[in-house]
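Trainee: I am new to this structure and would love a close look at its aromatic rings. Could you walk me through them, along with the strands around them?

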Amino acid sequence: MPVLPANSKRLFVLLAFFASLRFCGELSAADWPEFRGPFGNGHVSADKKPVGLPLKWSETENVKWKIEIPHKGWSTPVVLGNQVWLTTATIDGKDFFVICVDAESGKVLFNEKLFHSDKPEPLSNPVNCYGSASPVIEAGRVYVNFGCYGTACLDTGNFKEVWRREDLPCRHYRGPGSSLLMYEDLVVLTMDGVDQQYVVALDKKTGQNVWKTERSTKWDDLDKNGQPEREGDFRKAFSTPIIAEVPAGRDAGATKPLLISAGSKAVFAYEPKSGKEIWRLSSGDYSAAARPVYGKGLVFAMTGQGRAGLQAIKADGSGDISGTNVAWKLDRGGSKTTSPILIDDLLYWVTDDGGATCVEAETGREVWKSRIGGSFCASPIYADDRIYFSSIQGKTTVVKAGRTYEMLAANVLDGQFMASPAVSGKALFLRTKTHMYRIEAR
């Protein structure tokens, strides 16, 4: 074995040291692993410790970098270590891309086409595109999804493809929109199309099916000829499921996981490891898009298009719980697209046309309501006792969390927000229709 000179030995030790730091960083938990963050509910941290996110910014203030993102994609970026991953697709839906950006500098590290479709389903949806589904990320792996057009796993170290699937059929009709959910050794896809509706869990290591469960919805949309109205338009949905730890049995503090998934016309609870349906609750509306949240023993789920209501659902029970488990509901006034956010005893949301609402979570009693202006697709986030609402017009309205409405700041950028924000440390990653920003107080 050759003997290294003293200088080389020191260099070798230093390189090994920095490599170990990089390795440890890659094995740490992701800062923003999925749509709606590390807890799937829009909260940046679990313990309410100060994060230090910027309160104010503009095109000339607190912008660390700004880069152009090609094509069209409204997926939320995911962040792990010094990598930011996102997806995009050509406007015509024929080519689908995944992009990795250096979080510190904004330099594009990887930009490759993963999938191609010769005949994509025509898209007639002003609030959707072919690259709307958000990825999920963990140490060493990122998982990306474009609905029926393809799902893949990439190695975050060498950017090589680990596995891919292009055989999960679904006619999305107005574009795919449900983001991925990661649970233990599973990646869960939601496929609510006009022709078929199901939830499927893939093995993270191989990409193979572990379970697949068809929706048990009772459809009421047949026309006089016995065919689904509007080509089955009332059967599709765009929501992303959550994992809720709900009370289990009589033992105090005992819980069990439920996969809560909002589809068209109903909300479902499944056993996450097997896909077995536990309960179903009818909603009446169609095309649910908002992601549910869970807390206080209740599932809070927007009903979707139609009346745009909200249901607070007691999470216990089995079978059809439509007549027994609604703690309270609002027939109108909910969001059609954006997800709600639960903070302590209060539930907040913003409607598509800019009406912000705060209610008591356990009763549904209105606490305050205010118009913050603009229109909304992006879901809010919470940090530093503030709620951040980002509008299609490019304005992020920062509101103090609490029983009195108080606007703290209104920050405007040049683009339009369709994607929800992501956070890493003290930095906000904001994606508009054309660019991505790193916003951080200097």
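Mentor: Let's begin with a group of rings: Phe96, Phe115, Tyr130, Phe146 and Tyr149 form one aromatic cluster. Rings of Phe, Tyr and Trp (its six-membered ring) count as a pair if their centres lie within 6.5 Å; planes under 30 degrees apart are called stacked, over 60 edge-to-face, and the rest tilted.

Before going on, a word on the source: this is a predicted model, where local features need pLDDT of at least 70 and side-chain atom pairs count only at pLDDT 80 or more, while totals for chains, interfaces and linings use all residues. Residues are numbered from 1 along each chain as its sequence is written, and side-chain values use heavy atoms, with hydrogens and water left out.

Now to the strands. Helices (H or I, at least four residues) and strands (E, at least two) are DSSP runs, numbered from the N terminus. Phe96, a member of the cluster, is the bridge partner in β4 of Ala89. Strand β4 (residues 95-102) runs antiparallel to strand β3 (residues 83-89), and 7 bridges join them; two strands pair if DSSP finds at least two bridges between them. Both strands belong to an open sheet of 4 strands in the order β2-β3-β4-β5, with antiparallel pairing. At its edges are β2 (78-80) and β5, each of which pairs on one side only. On average, neighbouring strands of this sheet are turned by 20 degrees against each other, direction ignored. For such angles, axes are lines fitted to C-alpha atoms, for helices over the stretch in contact, and angles run from 0 to 180 degrees between N-to-C directions.

Beyond the cluster, there is a wider count to know: the structure holds 16 aromatic pairs. One of them joins Phe110 and Phe159, which are stacked at 5.0 Å centre to centre, with 10 degrees between the planes. This pair links distant parts of the chain, 49 residues apart: Phe110 is in strand β5 (residues 108-116), and Phe159 is in the loop between β8 (151-155) and β9 (161-165). Phe110 counts as buried because its relative accessibility is 11%, whereas Phe159, at 22%, counts as partly exposed. Here buried means under 20% relative accessible area, exposed over 50%, and partly exposed in between (1.4 Å probe, protein chains only).

One last ring has a charge for company: Lys212 lies over the face of Tyr198, at 4.2 Å from the ring centre. The rule is that NZ of Lys or CZ of Arg is within 6 Å of the ring centre and within 35 degrees of the ring normal.
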